[in-house]
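Hi,

I am handing over the structure we talked about, shown just below. Could you look it over first and then read my notes?

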Amino acid sequence: MSHDIEIIGDGCAALSFAARASEVKGSVTLIKPTKAPPAKDHVWGFWSDPILQGAQKMAKQTWNKWAVITHNECAVLESKAKPYNAFKRSDWTKHCQQLAELSGVKIIDEQDWQQSSDSLLFDTRPPIVPDGCVLQHFRGIEITTTEQKFDPNIAILMDFRVDQSKGMHFMYLLPYSETEALVESTIFSTTLVDEQYYLDSINKYLAKYYQVTDYTISHEENGVIPLGNLSPHDAKIPGLGANGGATRPASGYAFLFIQRQINAAIEQAKRGKQLSFTNPHKRLDLWMDSVLLTVLKQWPEQGPRMFIRMAKALNGDQFVNFLSGDAGYWTRLKVILAMPKWPFIKAVTRHIIPSRKVTKPVVA
Ligand SMILES: Cc1cc2nc3c(=O)[nH]c(=O)nc-3n(C[C@H](O)[C@H](O)[C@H](O)COP(=O)(O)OP(=O)(O)OC[C@H]3O[C@@H](n4cnc5c(N)ncnc54)[C@H](O)[C@@H]3O)c2cc1C
């Protein structure tokens with residue numbers, strides 16, 4: 001079936017699809033939204049996966065080991081088959097743009113666009129963020145220290161030895177060498193904090209655990225990722241990418257799932273069906289994530305205990321499979337058994353028994 005394809009947006013999902021335009025019938029056009037804020041560069045992390053071989057080649061660094069740390073415990077996980085990688089968003093989008101141009105994809109401004117009557121239209125503008133939504137928000141710096149302070153063999157995924165008063169808070173530290181690292185203060189909560197709070201947290205952490213007080217900054221980044229089951233930007237236009245449910249609700253990881261979502265759509269179109277994008281997550285993963293998010297929202301102080309228990313219950317490959325949506329029932333059961341019981345039982349009850357609506361009387 002051949003239709004022209006129009007996609008609103010020129011971010012990760014739109015460009016990742018455009019890079020594969022030669023695999024679908026019909027022309028592909030990306031529409032740059034007028035109301036979009038300027039694009040910012042970021043360091044993106046992902047675990048290796050057969051579908052991410054293109055991104056793997058662009059990795060700035062790869063780690064076979066990663067750690068989750070709390071005040072009392074440390075779990076170091078390892079995977080030879082599925083290491084953790086970091087690369088620059090701009091490297092990926094440039095690469096996709098080049099492939100898209102080779103396939104004749106047009107990228108036009110919204111004001112110059114008129115939707116053609118028989119085209120297929122998809123939307124990658126961000127989903128709607130409801131009040132009370134759990135946000136993953138962060139600010140990070142790439143630094144160079146004067147002395148050798150980091151172990152470049154282990155990525156620190158979550159180090160919870162930081163202030164927990166603003167929500168579930170951890171440091172994400174990607175060591176590129178003994179003197180270079182990305183250090184990010186990351187919080188899961190429903191409200192944002194001052195810019196200075198993240199930077200003060202980073203400085204306190206570096207001084208206390210790495211004896212680093214003197215460094216130069218080569219790059220700064222910040223971001224907010226809304227988590228949960230979010231409504232699309234425009235209910236009338238089918239979504240793709242984060243706007244098509246690709247962000248994993250409890251982790252904020254989306255890159256792998258965007259590629260899977262696009263791959264599934266292209267494979268389906270190759271079999272003669274109309275191009276359409278479906279939510280790339282398994283229903284069971286979505287349910288487990290919604291329970292986990294409820295716990296993090298209601299009892300954020302449980303966060304460090306939950307993640308260290310999960311990291312200790314699984315080996316590296318199982319950990320990656322769980323976060324990538326590839327876990328079998330045994331791994332999922334191990335995660336469930338590792339969780340602190342009471343908050344989860346309370347959260348599960350909320351997801352089975354809907355809370356009662358209170359109808360207030362109208363006062364005349
Ligand atoms: C800072 C940050 C770091 C991330 N790090 C990782 C990571 O390490 N690993 C991982 O797997 N995932 C990560 N993610 C999640 C995910 O991979 C990205 O959000 C990814 O960019 C989603 O792709 P997308 O095309 O759906 O959205 P985007 O790439 O954000 O594209 C959205 C499109 O909508 C436009 N737009 C934005 N705002 C508006 C607006 N208000 N009105 C109109 N148009 C608008 C943009 O210009 C763009 O064209 C991160 C997300 C963020 C925000």
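Let me start with helix 5, whose buried residues are covered by, among others, helix 1 (12–18) and strand 3 (43–47). Before going further, please keep in mind that this is a predicted model: local features need pLDDT of at least 70, side-chain atom pairs count only at pLDDT 80 or more, and totals for chains, interfaces and linings use all residues. Residue numbers start from 1 along each chain, as its sequence is written.

A few terms will help. Helices (H or I, at least four residues) and strands (E, at least two) are DSSP runs numbered from the N terminus. Contact, as used for covering and lying across, means that the C-beta atoms of two residues, placed from the backbone, lie within 7 Å. A residue is buried if 20 or more other C-beta atoms lie within 10 Å of its own, exposed if 12 or fewer, and partly exposed in between, again with C-beta atoms placed from the backbone.

**Helix 5 and the ligand**

Helix 5 spans residues 255–270, 16 residues in total. From first C-alpha to last it reaches 23 Å, close to the 22 Å expected at 1.5 Å a residue (the expected span is 1.5 Å times one less than the number of residues). Its buried residues are Phe255, Leu256, Phe257, Ile258, Gln259, Gln261, Ile262, Ala265 and Ala269. Just after this helix, Gly272 takes a positive phi of about 95°.

Helix 5 also takes part in the shell around the ligand: together with helix 1, strand 3 and strand 14 (215–227), each supplies at least two residues of that shell. In total, 28 residues surround the ligand, and the closest are Gly11, Ala13, Ala36, Gly223 and Gly241. A residue counts as near the ligand if its C-beta atom, placed from the backbone, lies within 6 Å of it. The shell divides into 15 nonpolar, 10 polar and 3 charged residues (Ala, Val, Leu, Ile, Met, Phe, Trp, Tyr, Cys and Pro count as nonpolar, Asp, Glu, Lys and Arg as charged, and the others, Gly among them, as polar).

**The sheet of 3 strands**

Strand 3 belongs to an open sheet of 3 strands, in the order 3-7-4 with antiparallel pairing. Two strands pair if DSSP finds at least two bridges between them. Strand 3 and strand 4 (61–63) are the edge strands, each pairing on one side only. From one strand to the next, the twist averages 25°. Strand 4 and strand 7 (residues 84–88) run antiparallel and are joined by 3 bridges, with Gln61 opposite Ala86 of strand 7. Across strand 3 and strand 7 lies helix 3 (residues 89–102), at about 70° to strand 7. Axes here are lines fitted to C-alpha atoms, for helices over the stretch in contact, and angles run from 0 to 180 degrees between N-to-C directions.

**The sheet of 7 strands**

Another open sheet has 7 strands in the order 6-5-11-12-13-10-14, with mixed pairing. Strand 6 (74–78) and strand 14 are at its edges with a single partner strand each, so one side of each has no neighbour in the sheet. Neighbouring strands are turned by 15° against each other on average, direction ignored.

Strand 5 and strand 6 form a hairpin with 4 residues between them, paired in the antiparallel sense over 5 bridges. Ala67 stands opposite Val76 in strand 6. The side chains of strand 6 alternate: Ala75 and Leu77 point to one face and are buried, while Cys74, Val76 and Glu78 point to the other and are not. Further along, strand 12 (residues 168–175) and strand 13 (residues 180–189) pair in the antiparallel sense over 8 bridges.

Two helices lie across this sheet. Helix 6 (residues 283–298) crosses strand 10 (134–145), strand 12, strand 13 and strand 14, at about 80° to strand 10. Helix 7 (residues 303–313) lies across strand 5 (65–69), strand 6, strand 11 (154–159), strand 12 and strand 13, at about 40° to strand 6. Of the 11 residues of helix 7, 8 are buried, so this helix is largely enclosed by the rest of the structure.

**One more spot to visit**

Where is Gln211 placed? Gln211 is in the loop between helix 4 (195–210) and strand 14. Gln211 has a positive phi of about 50° although it is not a glycine. Most residues other than glycine have a negative phi.

Best wishes
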